[in-house]
Amino acid sequence: MSESFRILSRRDFGKLALGAAAASALPRPLFAANAPDTPLHGLSAFGDLKYPADYGQFDYANPEAPQGGRFTFTVPNWVLNQAPDTFDTFNTFILQGNAPPRIELLYEGLMLSTLDEPDSIYGLLAESVSMSADRNTFRFELRPDARFSTGAPVLASDVAFSYRTMKAEGHPSLAISLAEVADVTAEAERTVVLRFTGRQTLPTALQALSIPIVPEAFFKDRPFTEGGFTEIPGSGPYRIGRYSAGRFIEYEKRADHWARDKPFQRGLDHFQTIRIEFFRDRQAQLVAFQKGDTTFREEFTTKAWATEYQFPAVTAGRVRLGTFGSDKWPRFQCWALNQRRAQFQDARVRRAINLCFDFEWTNANLLYGLREHSQSPFENSDFVATGMPSPEELALLEPLRADLPPEVFGEVWRQPVSDGSGRDRRLLREAADLLQASGWVRKGTQLVNAEGAVFRLEHLINDPEQSRVYGKMIENMKLLGIDASMRLVDAAQYQDRQNRFDFDMMLCAFSLNGTPTREGMSLFFGSASRDRTGSYNYPGTASPAVDALIERIGEAQDREQLAFAMRALDRVLRWRLDWLPNIGSTGRKCAWWDMFGFRDTKPDYGFPVERLWWYDETRAKAAGRA
């Protein structure tokens, strides 16, 4: 990766295929509250549906676009057990192994979300859904023409099998999203009923309605957790074509896709072939793009964007550069300091380490002034706290005062501003004082505790670019007496150590669901996920106050309540510094060979270029790429 390591959060699988819902709408009454057991074409947690039952297409789709052509790229984001630089299995539904990104294009769920409205889902495999008055039971009628790629119909028994199996044996993200599913019953061949425990919230329930459905018959004689390169059949628009493990994979559009003319599919997925190339390092990726081996690239490295996009094809206009707007969901890039290790358990230590990063010097000297200093784990959203706590936030925080840093009740924590020297003595002196106050004292050139143990910190990285950008931070730690170092490891080792929480410090980035749920927030910040292999609680946060605020998030009845609870959580997380906010940017910086057509305005809640753009033969000929 680069200094802006990207990975999408593992929200429900269906949302990830086309992006997530995000927070922007004003709170409105739940539209289905007065219509229990009424068949509906869609559901929304906090607002009205944009699209009526007889909608013809999504507004961001283009049914007039030509079909065919090839889209070749390296992925900017991925989900579940997928990896951007290698793959060794086609089974993306389990924790083990590394699956190729975009294999989710093979699969569909009961419902799907859109890219242009918050927290709404519409029927996909399900023709209709009805919800009980207590919101605990959802009844689905499956579309009679829904088919797997094998030609077999999608039946209620397949849905029941998928839910039960993924809850019991699936990737932790899937299992957690299904935690409150109590039972799944195939009442008829195409009627399936999901019953929840009653502990779920409506947003939690809705996020469980889009998990991928796979055929039960396929797993009759094989374990669900089996890896390997046998394609697990799905009902989606693509199948696996050619591939070479760890090098490339091609997804081929299915001419027999059952839903090709359905409103939710119309005007999407124009390319005949979507090809993903795999590289071990960023420079090789860029060279492949410059040569035209890949034809689209989203750039996350500021040095590359500022200095390496003046090659001849750009000058000649055959390659275009552009910045597209940011998506409207919370995102963060933060360091995780592993509190499972004793030296990082004191918040003063975490604050001291954060003071070693001179953002102003780094941005001016290494990042070409193109970055911003992140303040929050919820950047780019309505959930970022500002100033003093509001009365509504205080009402949530006061009962938890005993378990909170006292600073939470004052001005929200903000990043320090350095003198830009790269070695700000004032900030380093403050860091030294914090370390001493937490029990670490200087002994010669080393920092030791009362038992004489040396303070050691290893920053685990998987991209040499991080060494360039954060080397000065390591130097500042050494000035304080910390035995600090970086360790560069390959993708497989990095993923394994990440899953097992075997690291001191690592850089992570996520895009979070725009309608956060109790389960989703717990996956990142909750005590229950602290020691759960494969969770994203990399710092090892375990705080009763954080858990209580996550519960309040789950109890929100409208978006306003949700925002207050999220801002209260933001205040707590920022003063605790479980995650150390790192750097961020505005907009998506993209380069592409001028052989594609697309709408000028991107949707607000996602940017799956491979599904939205199309091959333009006229442009391709002019660019010499026909």
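Is the crossing of α8 and α11 left-handed or right-handed? In this predicted model, the crossing of these two helices is left-handed. That pair makes a friendly starting point for a tour that goes on to a second helix pair, the sheets, and two loop residues with positive phi.

Two packed helices are described by the angle between their axes and the distance between the axes. For helix α8 (residues 347-355) and helix α11 (residues 425-437), the angle is about 160° and the axes lie 8 Å apart. Because angles over 145 degrees count as roughly antiparallel, α8 is described as roughly antiparallel to α11. On the α8 side, the contact is made by R348, V349, R351, A352 and L355. From α11 come L427, E430, A431, L434, L435 and A437. By residue class, this contact of α8 with α11 divides into eight nonpolar and three charged residues, with no polar ones.

The second pair consists of helix α14 (residues 518-525) and helix α15 (residues 544-555), which pack at an angle of about 160° with their axes 8 Å apart. That angle makes α14 roughly antiparallel to α15. Here the crossing is right-handed. Helix α14 contributes R518, M521, S522 and F525 to the contact, while α15 contributes V546, D547, I550, E551, I553 and G554. The residues of this contact of α14 with α15 comprise five nonpolar, two polar and three charged.

How many of the eight residues of α14 are buried? Six are, so α14 is largely enclosed by the rest of the structure. The buried residues of α14 are R518, E519, M521, L523, F524 and F525. Among them, R518, M521 and F525 also belong to the contact with α15.

Attention now turns to the strands. Strands of a sheet pair through backbone hydrogen bonds, either parallel or antiparallel. One open sheet is formed by four strands in the order β5-β6-β8-β7, with antiparallel pairing. Which strands stand at the edges of this sheet? They are β5 (126-131) and β7 (181-188); each has a single partner strand, so one side of each is left without a neighbour in the sheet. From one strand to the next, the twist averages 20°.

At the β5 edge, five bridges join β5 to strand β6 (residues 137-142) in the antiparallel sense. Within this part of the sheet, A126 stands opposite L142 in β6. A helix also accompanies these strands: α2 (residues 156-169) lies across β6, β7 and β8 (191-196), and runs at about 165° to β7.

Further along the chain, strand β9 (residues 238-244) pairs with strand β10 (residues 248-253) over five bridges, again in the antiparallel sense. S244 has F248 of β10 as its bridge partner. The hairpin of β9 and β10 has three residues between the strands, and G246 takes a positive phi near 80° in this hairpin. Strand β10 is also joined by five bridges to strand β11 (residues 273-277), and the two run antiparallel. In this pairing, E250 is matched with R275 of β11.

The last region considered is around helix α13. Its buried residues are A491, Y494, R497, Q498 and N499. Against what do these buried residues pack? They pack against β18 (456-461), β19 (483-488) and β20. Helix α13 is followed by F501, which is found in the loop between α13 (491-499) and β20 (505-511).

Most residues other than glycine have a negative phi, and most peptide bonds are trans. Against that background, two loop residues are worth a look. The phi of F501 is positive, near 60°. F501 has a relative accessible area of 8% and is therefore buried, the cut-off for this class being under 20%. The other residue is R102, whose phi is also positive, near 70°. R102 is found in the loop between β2 (70-73) and β3 (111-113). Is R102 buried or exposed? With a relative accessibility of 6%, R102 counts as buried.

Conventions
Residues are numbered from 1 along each chain as its sequence is written. This is a predicted model: local features need pLDDT of at least 70, side-chain atom pairs count only at pLDDT 80 or more; totals for chains, interfaces and linings use all residues. Side-chain values use heavy atoms; hydrogens and water are left out. Buried means under 20% relative accessible area, exposed over 50%, partly exposed in between (1.4 Å probe, protein chains only). Axes are lines fitted to C-alpha atoms, for helices over the stretch in contact, and angles run from 0 to 180 degrees between N-to-C directions. Angles under 35 degrees count as roughly parallel, over 145 as roughly antiparallel, 65 to 115 as roughly perpendicular and the rest as oblique. A crossing is left-handed if the near helix is turned anticlockwise from the far one by less than a right angle, and right-handed if clockwise. Contact means heavy atoms within 4.5 Å. Ala, Val, Leu, Ile, Met, Phe, Trp, Tyr, Cys and Pro count as nonpolar, Asp, Glu, Lys and Arg as charged, and the others, Gly among them, as polar. Two strands pair if DSSP finds at least two bridges between them.
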